[in-house]
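Student: Please take a close look at a single part of this model, the residue you would pick out for its backbone. Then work outward from there to the rest of the chain.

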Amino acid sequence: FRINGVDADYEDFGVKEDISPETAEPYSCGNMKFTPKLPTQEILDKYQITLDEYSTIANELEDILTFGSCGWCS
C-alpha cells in the first residue's frame, strides 16, 4: 500500500505474529495478530502524516492483518 506517494511497510506501524503457536497444526498459525506500536517522529515524517492519521492506519492494519488461526502455509 502507499501513503502520500510512499510505498508503505506494515512493520512501520506494528508487529504481525502468531501469538498462540502452541495451538497450531504443523505449518499453520494458532492465532495471527497484528499489534500496533507507538509512532516515532521518523515514521510520521517518512509518510508525512499526523498522529491521528498514524493511529487510523495502525487500526486499519490491525483489522486487516489479525485473522486468527490459519493453515495457508500447509
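Tutor: Gln48 is exposed, because its relative accessibility is 62% and the cut-off for exposed is over 50%. The model is a predicted one, and the values that follow are computed from it. Gln48 sits in the loop between H1 and H2. Its phi is positive, about 55°, although Gln48 is not a glycine. Most residues other than glycine have a negative phi. That sets the backbone of this residue apart for a closer look.

The two helices that flank this loop come next. Helix H1 covers 41–47 and helix H2 covers 51–65, and these are the elements that give two or more residues to the largest nonpolar core. That core holds 13 residues, and those touching the most other members are Ile3, Phe13, Tyr47, Ile49, Tyr54, Ile57 and Leu61. H2 gives the most to this core, with five residues. Gln48 is exposed, at 62% relative accessibility, while Tyr47 and Ile49 are both members of the core.

Tyr47 also shows where the N-terminal part of the chain comes in. Leaving aside neighbours within four places in sequence, Tyr47 is in contact with Ile3, Asn4, Val6, Asp7, Ala8, Asp9, Asp12 and Phe13. Two of these partners, Ile3 and Phe13, are themselves among the core residues that touch the most other members.

On the other side of the loop, Leu51 lies in helix H2. A leucine might be looked for in the core, but Leu51 counts as exposed, because its relative accessibility is 55% and the limit for exposed is over 50%. Leaving aside neighbours within four places in sequence, Leu51 is in contact with Pro39 and Leu44. Pro39 is twelve residues from Leu51 in sequence, and their C-alpha atoms are 7.5 Å apart.

Further along, H2 can be followed to strand E4 through a charged pair. Lys33 lies in strand E4. Lys33 and Glu62 are 29 residues apart in sequence, with 7.4 Å between their C-alpha atoms. Beyond its neighbours within four places in sequence, Lys33 is in contact with Val15, Lys16, Glu17, Ile19, Glu62, Leu65 and Thr66. Lys33 counts as partly exposed, at 25% relative accessibility.

Strand E4 leads back to a second residue with the backbone feature seen at Gln48. Tyr27 has a positive phi of about 60° and is not a glycine. Tyr27 is found in the loop between strand E3 (14–18) and strand E4 (29–36). Tyr27 is exposed, with a relative accessible area of 69%. Gln48 likewise counts as exposed, at 62%, and likewise sits in a loop, in its case between H1 and H2.

The loop that holds Tyr27 also has a buried residue. Ser20 is placed in the loop between E3 and E4. Ser20 counts as buried, because its relative accessibility is 13% and buried means under 20%. Apart from neighbours within four places in sequence, Ser20 is in contact with Gly30 and Asn31.

One more loop shows how far apart parts of the chain can lie. Glu11 is in the loop between strand E2 (6–7) and E3, and is partly exposed, with a relative accessible area of 45%. Glu11 and Glu25 are 14 residues apart along the chain, and their C-alpha atoms are separated by 26 Å.

That leaves the chain as a whole. The protein chain has two helices and five strands, in the order β-β-β-β-α-α-β along the sequence. Its radius of gyration is 14 Å, well over the 11 Å that the globule rule gives for 74 residues, so the chain is more spread out than a compact globule. The C-alpha atoms fill a box of roughly 40 × 20 × 15 Å along the principal axes. Buried residues make up 30% of the 74 residues. Of the contacts with a separation of 6 or more, 55% are between residues 24 or more positions apart.

The surface and the charges complete the description. The accessible surface comes to about 5,100 Å², and carbon and sulfur atoms account for 52% of it. The chain has 5 positive and 15 negative charges, and the mean positions of the two sets are 4 Å apart.

Notes:
Residues numbered from 1 in each chain as written. Predicted model: local features only at pLDDT ≥ 70, side-chain atom pairs only at ≥ 80, totals over all residues. Heavy atoms only, no water. Helix = DSSP H or I, 4+ residues; strand = E, 2+ residues; numbered from the N terminus. Rg over C-alpha atoms; globule rule 2.2 N^0.38 Å. Buried < 20%, exposed > 50% of the residue type's maximum accessible area, 1.4 Å probe, protein only. Contact = heavy atoms within 4.5 Å. Areas by Shrake-Rupley, 256 points an atom, 1.4 Å probe, with all protein chains shown as cover. Lys, Arg positive; Asp, Glu negative; His and termini not counted. Charge placed at Lys NZ, Arg CZ, Asp CG, Glu CD. Core = buried A, V, L, I, M, F, W, Y, C linked by side-chain atoms within 4.5 Å.
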